[in-house]
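Colleague: Walk me through this one. I want to know how to read the backbone oddities and the global numbers.

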Amino acid sequence: MKAIQVKMAGGPEVLELVDLPKPNLKEGWSLIKIKGFGLNRSEIFTRQGFSPSVQFPRVLGIECVGIIEETTDNERLPIGQKVLSTMGEMGRAFDGSYAEYVLVPNEQIFPIQTDLAWADFAAIPESYFTAYGSMLQLKIAEKDTILVRGAASGVGLAFVNLVKSAFPNTRVYGSVRNLSKKAKLLVKGYDGIILEHHGKLETDLIFDKVLELVGPKVIKDSISHMAKGGIICNTGQLGGQWYLEDFDPIMELMNEIYLTGFYSGFVSAKKWQSLFDFIEQYQVTVTPEKVLSLEEVAAGHAYMESPNAFGKVVVLLDKD
């Protein structure tokens, strides 16, 4: 099979197209014929050598969509079943989805009922699942004014898409570090774009709900722009800081602010199907921003690391 393998940490150039043996079936695992997968920032971190548990050579890729090629669970995962798989240790402890086939533990494979085209299907995990889970944590209401801190990220764009599909009158603002993408973000559904300068939001607006994707580095500033009784969901760490520092929860949350988070590793077939049912119910358009071939994965990584990065990048292996 064709695969993209990393033999040593480095830049996008270390993503090498190679021929590898198709994985052999083993008990408790099933083989997925990959139709498509999304590119994720966590894979960039791993490629750069920032995942200490990952040993090279490794085929990266923490998510995929496709069909069951070989199975050890004929009842739940029959051959030909449309499935997705995300997270677990795929692309980390064992070879992942940057390939034509991937062998995955059965408990990490989820049968999905959907009529979406493969490129749209591939755009959903992991971004839309994370956005959907965060949306539920924030308990969105039509009257809310919402801030997405990290508006141009894949999760941020998925979130505003989901919210606007279900709550079209809810006002959603996004923050960015430069305004070059403002026009594109407004087209995607944001009601306004706020400049963030040196970790501070340049606005006097107050928000009922905040999706915090930049993370602990700026969370205190986000909280300072929240209404009494608001909810902030810390879902991302785009700011590169993983933990809260100098954070007194009593004083920081004194305005009766509720602080929560969302972890996309807690998955189930029921949660996944709930997302796809939501997408169908509200006719959410999930078309990815960019669709590449397997041979273009390195170019995809370079694009995601560039100032031009915008939205979800999907790799499509099979258009049938």
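**Backbone first, then the whole**

Modeller: P57 sits in the loop between α1 (41–47) and β4 (58–59). Helices (H or I, at least four residues) and strands (E, at least two) are DSSP runs, numbered from the N terminus. Before going on: this is a predicted model, where local features need pLDDT of at least 70, side-chain atom pairs count only at pLDDT 80 or more, and totals for chains, interfaces and linings use all residues. Residues are numbered from 1 along each chain as its sequence is written, and side-chain values use heavy atoms, with hydrogens and water left out.

Colleague: What is the peptide bond from F56 to P57, cis or trans?

Modeller: Read omega. The bond from F56 to P57 has omega near 5°, and is cis.

Colleague: Where is E126, and what is omega for the bond from P125 to E126?

Modeller: E126 lies in the loop between α2 (118–122) and α3 (127–138). The P125 to E126 bond is cis, with omega near 0°.

Colleague: Now phi. Which sign does phi of K139 have, positive or negative?

Modeller: Positive, at about 50°, although K139 is not a glycine. K139 is in the loop between α3 and β9 (145–149).

Colleague: Is K139 buried or exposed?

Modeller: Use relative accessible area: buried is under 20%, exposed over 50%, partly exposed in between (1.4 Å probe, protein chains only). K139 has 61%, so it is exposed.

Colleague: What is phi of Q283, and where does Q283 sit?

Modeller: Phi is near 50°, a positive value in a residue other than glycine. Q283 belongs to the loop between α8 (269–281) and β16 (290–292). At 62% relative accessibility, Q283 counts as exposed.

Colleague: Zoom out. How many helices and strands are there?

Modeller: Nine helices and 17 strands. For compactness, take the radius of gyration over C-alpha atoms and set it against the globule rule, 2.2 Å times the number of residues to the power 0.38. Here the radius is 20 Å, close to the 20 Å that the rule gives for 320 residues, so the protein is as compact as a globular protein of that length. The C-alpha trace spans about 55 × 40 × 35 Å along its principal axes.

Colleague: What percentage of the 320 residues is buried?

Modeller: 53% count as buried.

Colleague: And what of contacts in the protein between residues at least 6 apart in sequence?

Modeller: Contact means heavy atoms within 4.5 Å. Of those contacts, 70% join residues at least 24 apart.
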